[in-house]
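Please walk me through this structure. I am new to it, and I would like to start with the ligand.

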Amino acid sequence: MGLLDGKTILVAGVTMDTSIGFATARVAQEQGATVLISNFGRALGITRRIAGRLPAPAPVLELDVTDPAHLAGLVEQVREHLGADATLDGVVHSIAFGNPETVLGGKFVGAPWEDVAQAVQVSAYSLMSLAHAVRPILTPGAGIVGLTFDATVAWPAYDWMGVAKAGLESCARYLARDLGGDGIRVNLVSAGPLKTLAAKAIPGFDEIDGVWKDRAPLGWDNTDQEPTAKAVCALLSDFFPATTGEIIHVDGGYHAMGA
Ligand code: NAP
């Protein structure tokens, strides 16, 4: 019996098989879920190819979280693939973007507002946009899970993405407040550094990466997305029925160490 037997989960933000979203989709399928995945723009073709590496077929939806038409048509897209009565038991927000030329990699002071606004819209505000878009078909008890990188401190190179993550963490708490009445849980997983496309695009992210392994009491493998994916799936499951507005760290214990 799987942890997610009988559940239908949308994983938004899958590009490569290194994507945290891909590992989450794989683990969710292994745990019995029916999974849909999404991406946008030119990378959609890559996502369709990568979907073939999942254990079971997964419909690929087109979703740019900044495009009102995509958000408005999202329920329809789910229903095109799964039928007119389709509902969702879980949604994973595995999405972030910041222009590496202007808002990441040591360019905090003087960063232009347009690019900061884009980072905040794609990486934080979109948790609300996505939740709002799928709310009509979320089942009572459904889980929404997003991915953060500990926003309680300032990191080298992370810059405005760190500010966006602080916004995401706050957004998750407000969503937990407003959707709790419908029995919908909203939680985040705070992952340690993982070698994905998004991480590689951050100039200087290696600085963070390097110290992690030594300081984390459990050690840290930055090529293994599975511990993070498992935590996301656990939060989507019925084993966290009274947990919302929470941030679970999957970082080898790094966050709890002083030095
Ligand atoms: P990833 O594979 O690059 O995934 C990020 C996804 O966001 C990509 O599929 C990307 O699509 C998508 N995306 C960007 N802009 C979008 C938009 N406007 N609409 C819809 N999708 C959009 O990298 P990842 O590391 O797995 O990132 C997943 C999440 O984990 C992010 O929230 C990230 O901040 C978080 N996280 C990552 C780490 C880490 O070290 N890697 C640590 C903690 C938290 P394109 O590729 O087509 O742009």
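A polar contact is a pair of N or O atoms within 3.5 Å. Keep that cut-off in mind for what follows. The model shown here is predicted.

Start with I95. One of its polar backbone atoms is 3.2 Å from an oxygen atom of the ligand. That pair is within 3.5 Å, so it is a polar contact.

Two side chains come next. T15 places a polar side-chain atom 2.7 Å from a ligand oxygen. T196 offers an N or O atom of its side chain, 2.5 Å from an oxygen atom of the ligand. The protein buries 92% of the 880 Å² that the ligand exposes when taken alone.

Now step back to the surroundings. The ligand sits in the largest pocket. Two elements give two or more residues to the shell around the ligand: β5 (138-148) and α7 (197-200). The most comes from α7, with 3 residues. In total, 29 residues surround the ligand. The closest are T15, S19, K165, L194 and T196. T15 and T196 are the side chains met above, at 2.7 Å and 2.5 Å.

Last, turn to the cysteines. A disulfide needs two cysteine sulfur atoms within 2.5 Å. By this rule the count is 0 disulfides. Are C171 and C233 buried or exposed? Buried means under 20% relative accessible area. C171 has 16%, so C171 is buried. C233 has 1%, so C233 is buried too.

Key
Residues are numbered from 1 along each chain as its sequence is written. This is a predicted model: local features need pLDDT of at least 70, side-chain atom pairs count only at pLDDT 80 or more; totals for chains, interfaces and linings use all residues. Side-chain values use heavy atoms; hydrogens and water are left out. Buried means under 20% relative accessible area, exposed over 50%, partly exposed in between (1.4 Å probe, protein chains only). A residue is near a molecule or strand if one of its heavy atoms lies within 4 Å of it. A polar contact is a pair of N or O atoms within 3.5 Å; within protein, one must be able to donate a hydrogen and the other to accept it, and residues adjacent in sequence count only if both atoms are side-chain atoms. Accessible areas come from the Shrake-Rupley method with a 1.4 Å probe; for residues, only the protein chains shown count as cover. On a 1 Å grid over the protein atoms alone, a cavity is a set of points where a 1.4 Å probe fits but cannot get out, and a pocket is an open set with protein on both sides within 12 Å along at least five of seven lines; lining residues have an atom within 4 Å of a point. A molecule sits in a cavity or pocket if more than half of its atoms lie within 2 Å of its grid points. Helices (H or I, at least four residues) and strands (E, at least two) are DSSP runs, numbered from the N terminus.
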